[in-house]
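Here is a short tour of some local features in a protein model. Take a look at the sequence and the fold, and then read on.

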Amino acid sequence: MRAREPGAPTTVGGGLGDLLVMWVGFPLLGGALGGRLPMVADWVAGLPWAPVQGWFELVAGLPYRRALVGGLLLGMLAGLLLAHVGTRERLIVTVDRGGVRLRRDGVDRELVRGTVTAVFVDRKELVLLGPAGAELARERSDLSGRRLGDAFREHGWPWQDGDPHRDTYRRWVAGLPELPPGADPLLGARQRAVEAGRQRDARELRGELARLGVVVRDEGRRQYWRTVPLPREETPHGR
């Protein structure tokens, strides 16, 4: 294998093993589960509380061989769909001495080294902080924290073993007077999005809170927050 040139960018991604698991393992597992559909269709169709009973009744009425082939194909198709989603959603990080590129779902986000004051992994999330502790990026992934740390340290980035501001977070409850104006209703809306599993809404509301100088981290379905000073031109209602 050809050695990587000193100073060349380092890429941390899921790797070939993850792709094999998704594109081979998921369809095989889906096919195995789908192949059991004819064995349970008649039983499930007889349960008064079971959802989509009509589909199970249809499968139960088919000849066994036809139902088996259909279940196998349907399960493998579901596995391929899951692999496609997983491939698009995985995070790929490319870092060098000048900057970092975060790629997900075909979209690149780039940050310049000079704007970043700390990099760390918070549970399953890669976090990059800017001046005064503001979050520049928080990306969820299953990437190895060790590999990420090695990559950033190799190129001289300020890698941290944990969140340097962890002790400043407070748990959110409605009506806190210390929050900036407008932050409390946004946190309330985000709490409902987190509880409902609406990740895109929760992400967008995190961005809205960041514009008010509020940094949010989640622990399960609980929100924790801290504030950061805003640049003068971004201070709400400031002059």
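## Aromatic residues

Trp157 is a good place to begin: this residue is buried, with a relative accessible area of 4%. Please keep in mind that the model is predicted. Two aromatic pairs are counted here. In one of them, Phe152 meets Trp157 edge-to-face, with 5.5 Å from centre to centre and 75° between the planes. Phe152 also pairs with Trp159, and these two rings count as stacked because their planes are at 20°, which is under the 30 degrees cut-off. The ring centres of Phe152 and Trp159 are 5.8 Å apart.

Which residues do the ring pairs link into a cluster? They are Phe152, Trp157 and Trp159. Phe152 has a relative accessible area of 0% and is buried. Trp159, at 14%, counts as buried because the limit is set at under 20% relative accessible area.

## Arginines over rings

Trp157 has another partner to look at, since you will find Arg113 over the face of its ring, 5.5 Å from the ring centre. Elsewhere in the model, Arg217 lies over the face of Tyr169, and here the distance to the ring centre is 5.5 Å.

## Helix H5

Phe152 also leads us to helix H5, which covers residues 145-154. The buried residues of H5 are Leu148, Gly149, Ala151 and Phe152. How are these buried residues arranged when seen down the axis of H5? They fall within an arc of 165°, so they line one face of the helix. The strands that these buried residues pack against are E1 (10-12), E2 (92-95), E3 (99-104), E5 (118-122) and E6 (125-129).

Both ends of the helix deserve a look as well. At the start of H5, Ser144 places a side-chain oxygen within 3.3 Å of the backbone nitrogen of Arg146. Just after H5 comes Gly156, with a positive phi of about 80°.

## Arg101 in strand E3

Strand E3, one of the strands packed against by the buried residues of H5, contains Arg101. Is Arg101 buried or exposed? Neither label fits: with a relative accessible area of 32%, Arg101 is partly exposed, because that class lies between the 20% and 50% limits.

Leaving aside residues up to four places away in sequence, Arg101 touches Ile92, Val93 and Thr94, and also Asp108, Arg109 and Glu110. Leu111 is ten residues from Arg101 in sequence, and their C-alpha atoms are 6.6 Å apart in space.

## Positive phi in two loops

Most residues other than glycine have a negative phi. With that in mind, two loop residues are worth a visit. Asp105 is not a glycine, yet has a positive phi of about 55°. You can find Asp105 in the loop between E3 and strand E4 (107-112). Its relative accessibility is 32%, so Asp105 counts as partly exposed.

Where does Arg123 lie? Arg123 belongs to the loop between E5 and E6. Although Arg123 is not a glycine, its phi is positive, at about 55°. Arg123 is partly exposed too, with 45% relative accessibility.

Technical notes
Residues numbered from 1 in each chain as written. Predicted model: local features only at pLDDT ≥ 70, side-chain atom pairs only at ≥ 80, totals over all residues. Heavy atoms only, no water. Phe/Tyr/Trp six-rings, centres within 6.5 Å; stacked < 30°, edge-to-face > 60°. Buried < 20%, exposed > 50% of the residue type's maximum accessible area, 1.4 Å probe, protein only. Lys NZ or Arg CZ within 6 Å of the ring centre and 35° of its normal. Helix = DSSP H or I, 4+ residues; strand = E, 2+ residues; numbered from the N terminus. Arc of directions from axis to C-beta. Contact = heavy atoms within 4.5 Å. Polar contact = N/O pair within 3.5 Å; in protein donor to acceptor, adjacent residues only side chain to side chain.
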